[in-house]
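Please work through the exercises below with the sequence and the structure open beside you. Each task is followed by a solution that goes step by step.

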Amino acid sequence: MANGGIPPEWSARFPEVARDKDHYESFYLKASHPDEPRAVWIRYTVHKAPGRDATGSTWFTYFDRDSAPVARKATVPGPRAGQGNYIEIDGSSFGPGRAQGSAEDASWDLETVALTEPLMHLPKPWMYRAPIPRTKSISPAPEASFSGILKLGDRSVEVDGWRGMWGHNWGAEHAERWIWLHGLFAPGTWLDVVMGRIRIGGWTTPWIANGALSLDGRRHRVGGIGKVRATEVDEQVGSCGFTLPGEIPVRGTVGRSLDQTVVWAYADPSGGEHHSLNSSLASMHLDCNGRTLLTQHGAVYELGIRETDHGLPVLPYPDG
């Protein structure tokens with residue numbers, strides 16, 4: 001164990017990164033109301049350019065179908081891995097059982113309980129040590145419950161038995177394009193998949209998917225580098241259709257209302273920028289070998305792209 005009992009594979013990487021290296025890192029959670037179309041997405045991130053000290057940011061997005069998303073961000077120097085926490089940023093912290101913090105006039109204090117074992121998205125341990133893929137992802141809790149309070153200015157939102165997940169990714173740069181899909185259905189039934197297209201020299205790979213489908217508590221590996229040819233992705237700004245090979249093949253669609261989509265700027269430590277289009281209030285429909293799964297607002301669709309002509313407003317928060 002490391003960092004006060006946190007397993008080494010979950011621990012923050014940034015404290016060990018040399019000053020002349022580039023690095024980014026994110027710890028994040030998503031939680032949604034069990035019945036109503038409301039959700040929250042919170043991130044704690046580290047950005048480190050070569051030769052510069054790291055900065056830490058807290059990101060907050062609250063989704064409610066009856067109003068526009070509320071998004072806030074705060075950036076300060078001196079992030080650190082705290083005793084018993086994944087990360088601490090200027091009084092905000094995220095650990096295995098609690099996430100608390102603030103960003104401008106938004107704040108949160110959430111107790112969280114993991115409902116299943118961690119998910120290592122990459123299928124082999126050596127892949128987490130290899131230079132490629134440049135982004136590594138794990139979900140310490142691909143299914144979790146949340147309780148506590150969210151505050152948005154003078155408004156309070158009670159979180160009682162909301163379902164969601166928490167995750168962790170890190171690397172030297174973002175993938176050329178990426179998609180994150182997460183869907184919660186009945187207890188023990190979920191999909192958690194990260195897909196990326198990686199730029200190697202002047203060539204960009206096809207979509208490579210890695211993750212898992214859980215059906216009634218039994219987990220099935222999805223995707224893999226050896227199954228790229230069978231992976232089909234039709235990504236759009238507001239929706240995505242996909243076919244993912246695996247122990248149980250998955251065909252599905254995920255969609256969102258564009259007025260419930262936020263666009264954040266994500267900076268690569270060595271330069272360049274992506275736009276991350278995220279809706280944590282998405283619908284998802286899956287066909288898993290004849291079994292149908294559907295959630296109207298318990299899914300996440302995130303699309304990371306370099307293009308800026310997607311037609312959606314970008315939140316006024318620089319990154320880096």
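**Exercise 1. Ring clusters**

Task: Which residues do ring pairs link into a cluster in this predicted model?

Solution: The cluster, held together by ring pairs, consists of Phe 27, Tyr 44, Phe 60, Tyr 86, Phe 94, Trp 108 and Trp 166. To see one of its links, take Phe 94 and Trp 166, whose ring centres lie 6.3 Å from each other with an angle of 70° between the planes, which makes the pair edge-to-face. The next step is to place the partners along the chain: Phe 94 belongs to strand E6 (residues 92-94) and Trp 166 to strand E11 (residues 155-171), so that the pair links distant parts of the chain, 72 residues apart. For the surroundings, Phe 94 has a relative accessibility of 0% and therefore counts as buried, and Trp 166, with a relative accessible area of 2%, is buried as well.

**Exercise 2. Classifying an aromatic pair**

Task: State how many aromatic pairs the structure holds, and then work out why the pair of Trp 59 and Tyr 266 is classed as it is.

Solution: The structure holds twelve aromatic pairs. For the rings of Trp 59 and Tyr 266, the centres are 5.6 Å apart and the planes stand at 75°. Two rings pair if their centres lie within 6.5 Å, and planes over 60 degrees apart count as edge-to-face. The pair of Trp 59 and Tyr 266 is therefore edge-to-face. In sequence these partners are 207 residues apart, with Trp 59 in strand E3 (residues 55-64) and Tyr 266 in strand E21 (residues 262-267). Because its relative accessibility is 2%, Trp 59 counts as buried, and Tyr 266 is buried too, at a relative accessible area of 4%.

**Exercise 3. Charges over rings**

Task: Which charged residue lies over the face of Trp 59, and which over the face of Trp 170?

Solution: Starting with Trp 59, the residue over the face of the ring is Lys 73, at 3.8 Å from the ring centre. Turning to Trp 170, the corresponding residue is Arg 13, which lies at 3.9 Å from the ring centre.

**Exercise 4. Salt bridges and their exposure**

Task: Give the count of salt bridges, and then decide whether Asp 53 is buried or exposed.

Solution: The count comes to 16 salt bridges. One of these joins Asp 53 to Arg 19, with 2.5 Å between the closest N and O atoms. Asp 53 sits in the loop between strand E2 (38-48) and E3, while Arg 19 is found in the segment before strand E1 (23-32), and the two are 34 residues apart. Asp 53 has a relative accessibility of 56% and so counts as exposed, whereas Arg 19, with a relative accessible area of 48%, is partly exposed.

A further bridge brings together the side chains of Asp 105 and Arg 72, at 2.6 Å from N to O. Since Asp 105 lies in the loop between strand E7 (98-103) and strand E8 (106-114), and Arg 72 in strand E4 (residues 67-77), the pair ties together parts that are 33 residues apart in sequence. Asp 105 is partly exposed, its relative accessible area being 41%, and Arg 72 is partly exposed at 23%. Arg 72 and Asp 105 are also linked with Glu 104 in a network of salt bridges.

As a last case, Arg 80 and Glu 88 meet through their side chains in a salt bridge of 2.8 Å, N to O. Here Glu 88 is buried, with a relative accessible area of 18%.

**Exercise 5. Two pockets**

Task: How many residues line the largest pocket, and which lie nearest its centre?

Solution: The largest pocket, which holds about 720 Å³ of space, is lined by 37 residues, and those nearest its centre are Pro 133, Thr 135, Ala 175, Val 194 and Gly 196. By class, this lining of the largest pocket divides into 19 nonpolar, nine polar and nine charged residues. Among the strands that each supply at least two residues of the lining are E1, E2 and strand E10 (135-152).

For the second largest pocket, the space is about 240 Å³. Its lining has 14 residues, with His 23, Lys 136, Trp 170, Gly 171 and Ala 172 nearest the centre, and it is made up of seven nonpolar, two polar and five charged residues.

Terms used
Residues numbered from 1 in each chain as written. Predicted model: local features only at pLDDT ≥ 70, side-chain atom pairs only at ≥ 80, totals over all residues. Heavy atoms only, no water. Phe/Tyr/Trp six-rings, centres within 6.5 Å; stacked < 30°, edge-to-face > 60°. Helix = DSSP H or I, 4+ residues; strand = E, 2+ residues; numbered from the N terminus. Buried < 20%, exposed > 50% of the residue type's maximum accessible area, 1.4 Å probe, protein only. Lys NZ or Arg CZ within 6 Å of the ring centre and 35° of its normal. Salt bridge = Lys/Arg side-chain N within 4 Å of Asp/Glu carboxyl O. 1 Å grid on protein atoms, 1.4 Å probe; cavity = no way out; pocket = protein on both sides within 12 Å on 5 of 7 lines; lining within 4 Å. Points joined across faces, edges and corners; volume = space filled by probe spheres on them. Nonpolar A, V, L, I, M, F, W, Y, C, P; charged D, E, K, R; others polar.
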